[in-house]
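Me: I am new to this structure and would like a close look at one part of it. Could you take me through one sheet, with its strands and the helices beside it, and then show me how that part sits in the rest?

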Amino acid sequence: MSLSATPLHDVHREMGARLVDFAGWSMPLHYGSQIEEHHRVRRDAGMFDVSHMLAIDVEGAGAREFLRRMLANDVARLREPGRALYSCMLAENGGVLDDLIVYARPDDAYRIVVNAGTAKKDREWLEARARETRLDVTLKPRRDLAMIAVQGPRAREKFWIARPSLRTVTENLKNFAATEVDDTFVARTGYTGEDGFEVMLPAEGAEGLWRALARADVAPAGLAARDTLRLEAGMNLYGQDMDENITPFECGLAWTVDLSGARDFIGRRALEQAPPRSAFVGLVLQDRGVMRAHQSVHTDSGTGEITSGGFSPTMNRSIALARVPPDLAPGGRAQVEIRGSALEAAVVKPPFVRQGKVLV
Amino acid sequence: METPQNLKYTESHEWVRQEADGTVTVGITDHAQTQLGDVVFVESPQPGSAVKKGEECGVIESVKAAADIYAPLSGEIVAANDELTDSPGKINSQPYDAWMFRIKPSNPGELSGLLDAAAYEKIAEADQH
């Protein structure tokens with residue numbers, strides 16, 4: 001099967017990207033050093049091509065009711081256009097089909113942005129549920145859009161250097177808010193634990209924006225840095241920290257499930273009937289070495305497993321997210337089995353790093 | 001990709017340099033460091049320990065993955081590069097200066113089994129696809 005390419009593929013090549021297959025897409029892993037790119041985002045500004053993710057516009061008079069049934073978080077919380085919400089989409093068994101951001105748009109419309117690896121499954125799921133309902137709802141996948149995330153403490157000011165005309169409309173955007181000017185959609189969201197924007201725009205405009213950002217000294221950053229940044233920020237990665245067999249309560253996402261009222265969202269019954277089978281914690285390795293996904297974690301309450309592990313460039317040591325027995329609370333110690341030795345780790349509550357500061 | 005002509009190589013991506021005193025110096029190739037990405041942690045064998053050709057004797061961890069280091073020859077470890085403890089990134093920036101350890105070979109005949117630069121380049125190229 002040939003790989004899909006984003007509208008920025010040739011530009012990545014030109015900028016020296018090492019390209020890898022990610023969920024069927026040829027994507028930049030890094031442009032030289034993933035650690036350098038990581039630091040640029042924490043200390044200054046970096047940009048990621050995230051055009052492999054899929055925006056789906058959900059429209060029609062029944063869009064709101066439809067999403068209130070489909071998502072574990074409640075879109076009724078989005079009181080006005082331009083507000084955003086992070087949510088899981090669940091299966092009947094309470095397992096996570098995907099995690100996504102939903103934006104409220106003018107005229108009772110919504111836009112959801114889903115993961116690349118789950119985009120096809122999500123579309124099929126949503127389309128099937130839409131056919132079952134009598135609600136007036138239309139789903140429009142937006143493969144015509146490109147997405148660029150500009151992240152870091154200086155991301156916004158550098159974005160305004162690249163696109164001065166968008167300054168006035170985006171200057172007062174609050175965290176988790178979005179605005180639209182013509183075809184350009186700007187949201188103050190991200191996946192790095194830093195300030196910044198995620199910008200969606202027609203594919204043909206992507207290269208111009210990318211090059212303007214590069215001229216404003218925004219560093220191109222790849223998926224490798226994106227992964228260490230999100231891990232430090234304690235943000236889950238779908239397919240690794242959760243999947244269809246894990247409920248939001250078992251992967252640290254209880255805060256995204258709205259059980260208030262009697263709203264009948266898919267997966268609710270299963271969540272209310274079965275207690276969580278595991279807890280979700282952070283680990284900080286006390287010894288030299290690097291924790292990796294699937295390594296065993298031994299605690300006084302029993303054995304668990306690392307779901308995401310790696311090296312934290314900001315803390316200069318290894319950190320991980322782990323699924324552990326339900327009664328284990330942050331504060332204690334655990335032993336991680338790394339290549340035949342049991343190494344000591346502190347059990348903490350994620351996030352590890354936000355806004356450039358170490359929190360654990 | 002850089003592959004100095006004066007070095008010998010292994011199929012597992014170590015480079016080997018013969019020294020005037022009869023010992024050999026070992027590191028990992030430019031190709032290997034490119035594949036691994038940013039190196040964050042290096043564990044070399046202890047000086048004084050005995051190693052056997054083809055056996056695991058160290059670990060390099062990058063942000064992305066862990067890679068075993070194999071002894072290119074049998075013998076005794078006579079030195080390890082402590083500088084890499086604090087500056088593991090030197091393996092990325094200067095792979096042929098960032099040596100990991102030195103071996104005093106117990107069977108110098110094994111040297112003839114190592115690859116020359118041209119043969120190693122073929123292996124590295126095949127590995128990239």
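Reply: Happy to help; we will begin with the sheet, move to the helices, and then step back to the whole chain.

Please keep in mind that this is a predicted model.

The sheet belongs to chain A and is an open one, with 5 strands in the order β5-β6-β7-β4-β8 and antiparallel pairing. Strands of a sheet pair through backbone hydrogen bonds, either parallel or antiparallel. At the edges of this sheet stand β5 (84–90) and β8 of chain A; each has a single partner strand, so one side of each is left without a neighbour in the sheet. On average, neighbouring strands here are turned by 30 degrees against each other, direction ignored.

A good place to zoom in is β4 of chain A. Strand β4 covers residues 54–59, and 5 bridges join it to β7 (residues 109–114) of chain A, the two running antiparallel. With β8 (residues 138–141) of chain A, β4(A) pairs over 4 bridges, again in the antiparallel sense.

Which residues face each other across these pairings? Take A:D57: its bridge partner in β7(A) is A:R111, and in β8(A) A:D57 stands opposite A:K140. You can find A:D57, then, between a partner in β7(A) and another in β8(A). A second pair to look for is A:A55 with A:V113, its bridge partner in β7(A). As you follow the strands, it helps to know that in a regular strand the side chains alternate between the two faces of the sheet.

Now for the helices. Helix α3 of chain A, residues 63–70, lies across β4, β5, β6 and β7 of chain A. The direction of α3 makes an angle of about 125 degrees with β4(A). Helix α4 of chain A, residues 119–132, lies across β4, β5, β6, β7 and β8 of chain A. Relative to β8(A), α4 runs at about 165 degrees.

One strand of the sheet also leads us into the interior. The largest nonpolar core of the model has 131 residues, and those with the most contacts inside it are A:V102, A:I148, A:V150 and A:L283. Strand β6 of chain A, residues 96–105, gives the largest share of this core, with 7 residues. To see how one core residue is surrounded, select A:L283. Leaving out residues up to four places away in sequence, A:L283 touches A:M291, A:V297, A:I319, A:A320, A:A322, A:A334, A:V336, A:A345 and A:V347.

Let us step back to the whole of chain A. Chain A has 9 helices and 21 strands. Its radius of gyration is 20 Å, close to the 21 Å that the globule rule gives for 360 residues, so chain A is as compact as a globular protein of that length. The C-alpha trace of chain A spans about 55 × 50 × 45 Å along its principal axes. Of the 360 residues in chain A, 47% are buried. Among contacts in chain A between residues at least 6 apart in sequence, 68% join residues at least 24 apart. A single pair with such a separation in sequence is A:A5 and A:H52: they are 47 residues apart along the chain, while their C-alpha atoms are 8.1 Å apart in space. You will find A:A5 in the segment before α1 (9–14) of chain A, and A:A5 counts as partly exposed.

A few backbone details are worth a visit too. Most residues other than glycine have a negative phi, and most peptide bonds are trans. A:A23, in the loop between β1 (18–22) and β2 (25–30) of chain A, has a positive phi, near 50 degrees. A:A23 is partly exposed, with 16 other C-beta atoms within 10 Å. For A:Q355, phi is also positive, at about 50 degrees; this residue sits in the loop between β20 and β21 (357–358) of chain A. A:Q355 is exposed, with 12 other C-beta atoms within 10 Å. The peptide bond from A:P350 to A:P351 is cis, with omega near 5 degrees, and A:P351 lies in the loop between β19 (341–348) and β20 (353–354) of chain A.

Finally, look at where the two chains meet: 12 residues of chain A are in contact with 9 residues of chain B. On the chain A side, the elements that give two or more residues are α2 (34–43), α8 (223–232) and β16 (302–312). The residues of that side divide into 4 nonpolar, 6 polar and 2 charged.

Terms used: Residues are numbered from 1 along each chain as its sequence is written. Chains are lettered from A and ligands numbered from 1 in the order in which they are written. This is a predicted model: local features need pLDDT of at least 70, side-chain atom pairs count only at pLDDT 80 or more; totals for chains, interfaces and linings use all residues. A nonpolar core is a set of buried Ala, Val, Leu, Ile, Met, Phe, Trp, Tyr and Cys residues joined through C-beta atoms within 7 Å. A residue is buried if 20 or more other C-beta atoms lie within 10 Å of its own, exposed if 12 or fewer, and partly exposed in between; C-beta atoms are placed from the backbone. Two residues are in contact if their C-beta atoms, placed from the backbone, lie within 7 Å. Ala, Val, Leu, Ile, Met, Phe, Trp, Tyr, Cys and Pro count as nonpolar, Asp, Glu, Lys and Arg as charged, and the others, Gly among them, as polar. The radius of gyration is taken over C-alpha atoms; the globule rule is 2.2 Å times the number of residues to the power 0.38. Two strands pair if DSSP finds at least two bridges between them. Axes are lines fitted to C-alpha atoms, for helices over the stretch in contact, and angles run from 0 to 180 degrees between N-to-C directions.
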